[in-house]
Amino acid sequence: MTFPSELIKILKSSTRIAVLTGAGVSQESGLKTFRDSQDGLWAKYKPTDLASPEAFARDPKLVWDWYAWRREAIKGVRPNQGHYALVEMENKFLEFTLITQNVDGLHRFAGSKNVLELHGNINLVRCSECRTFTEEWDEESELVPQCKKCNGLLRPDVVWFGESLPRAELESAVTASRACQVFFSIGTSGVVQPAASLAHAARNNGSIVVEINAEPTPLTPKVDYFFQGKSGEILPALMKEIKTMDDRPF
Ligand code: BV8
Ligand code: ZN
């Protein structure tokens, strides 16, 4: 795969990069994307119907079990070449911010350092009342485990639909998106707000916007470069080109 020389030239002269990733980046690790059909037991539910405070209030056990099933599914999953290429990209550029909508923790697992988890992390569990985090709970219980401090119901530390994003992470993501010279949108359908607005914030501040996705999205008509395909293939190819850009005269 080759890349337009003017894009490589822009990257060669850039120091500030921001990247937004979505579920597509984890797809080649074997994780279904957010909108893929759910497996078996969960086939009859839409994720957006389960990932909400209303769903948890209505049937806490159903929602708790769904996340327990997803935590189990993630246990055997490893980062793919796309995750590792982003670690290399972070080491290549002076100011690099990785903003992710993913809750699977795979970017940190791969070695990315400056990661903003806009939608939280499914492997972290906290109290739904006093927000105390805990690492142990009774998995066998028929009931949703409760907080040792206040007896509140435990929940995953993810952002549900209708809940606000963590303020610090969102502010840092907006700052990085506005300040970057090149903004990458990778493996996301660009539907969920306010994450989907970051690419527009970048564009409105004169950044070059690059999209890497298996299919076109609502963002595609507005980007400077669109590479259709698998992020686990395109990102390593791009990094290979970027790594050789230092010694290649323009
Ligand atoms: C909020 C955690 C308001 C839970 C998730 C306008 C402004 C503000 C809010 C809204 C708004 N309009 C609507 C809203 C409400 C809502 C929203 O955006 N709804 C959508 C459905 C329209 N937003 C919210 O509720 C947000 N909260 O703003 O609150 C507020 C304000 C003040 C006070 C109180 C409240 C909260 C949103 C966060 C929801 N939580 N996750 C969990 O995981 O269980 S979102 C969930 O969707 C995941 O995090 C996922 O990452 C995310 C986005 O999906 P994608 O990552 O894009 O995944 P998807 O499957 O869609 O796409 C994957 C793409 O990859 C595809 O295009 C595919 O082609 C591609 N692909 C596949 N394989 C590959 C690939 N690409 C490359 N390589 C491959 N191999
Ligand atoms: Zn509590």
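In this predicted model, Phe 184 touches Leu 11, Ile 17, Ala 18, Val 19, Leu 20, Met 89, Val 210, Ile 212 and Leu 238, leaving aside residues up to four places away in sequence. Phe 184 also belongs to the largest nonpolar core, which has 26 residues. Together with Leu 11, Ile 17, Val 19 and Met 89, Phe 184 is among the residues that touch the most other members of that core.

Several elements build this core: helix H1 (5-12), E1, helix H6 (81-92), E2, E7, strand E8 (208-213), strand E9 (225-228) and helix H10 (231-245) each contribute at least two residues. The largest share, 5 residues, is that of H10. A second core lies apart from this one and has 17 residues, including Leu 20, Leu 118, Cys 180 and Val 209.

Strand E1 (residues 16-21) contributes Ile 17 and Val 19 to the contacts of Phe 184. Of the 6 residues in E1, 5 are buried, so the strand is largely enclosed by the rest of the structure. In a regular strand, side chains alternate between the two faces of the sheet. The pairings of E1 are listed below.

| Partner of E1 | Sense | Bridges | Residue pair |
|---|---|---|---|
| E2 (residues 95-100) | parallel | 6 bridges | Val 19 and Leu 98 |
| E7 (residues 182-186) | parallel | 5 bridges | Ala 18 and Phe 183 |

The model also holds a metal site. The zinc ion (ligand 2) is coordinated through the SG atoms of Cys 127, Cys 130, Cys 147 and Cys 150, at 2.2 to 2.4 Å. Which arrangement do the 4 donor atoms around the zinc ion form? The angles they subtend are 99 to 119°. Four donors count as tetrahedral if all angles lie between 85 and 135 degrees, and the arrangement is therefore tetrahedral.

Along the sequence, the donor residues of the zinc ion (ligand 2) follow the spacing C-x2-C-x16-C-x2-C. Cys 127 and Cys 150 link distant parts of the chain, 23 residues apart. Cys 127 sits in strand E4 (residues 120-127), while Cys 150 is in the loop between strand E5 (133-134) and strand E6 (154-158).

Is each of these two residues buried or partly exposed? Buried means under 20% relative accessible area. Cys 127 has a relative accessible area of 0% and is therefore buried. Cys 150 has a relative accessible area of 36%, which means that Cys 150 is partly exposed.

Methods
Residues numbered from 1 in each chain as written. Chains lettered and ligands numbered in written order. Predicted model: local features only at pLDDT ≥ 70, side-chain atom pairs only at ≥ 80, totals over all residues. Heavy atoms only, no water. Buried < 20%, exposed > 50% of the residue type's maximum accessible area, 1.4 Å probe, protein only. Helix = DSSP H or I, 4+ residues; strand = E, 2+ residues; numbered from the N terminus. Pairing = 2+ DSSP bridges. Core = buried A, V, L, I, M, F, W, Y, C linked by side-chain atoms within 4.5 Å. Contact = heavy atoms within 4.5 Å. Donors = N, O, S within 2.8 Å, 3.2 Å for Na, K, Ca; no water. Tetrahedral: all angles 85-135°; square planar, octahedral: opposite > 155°, others 65-115°.
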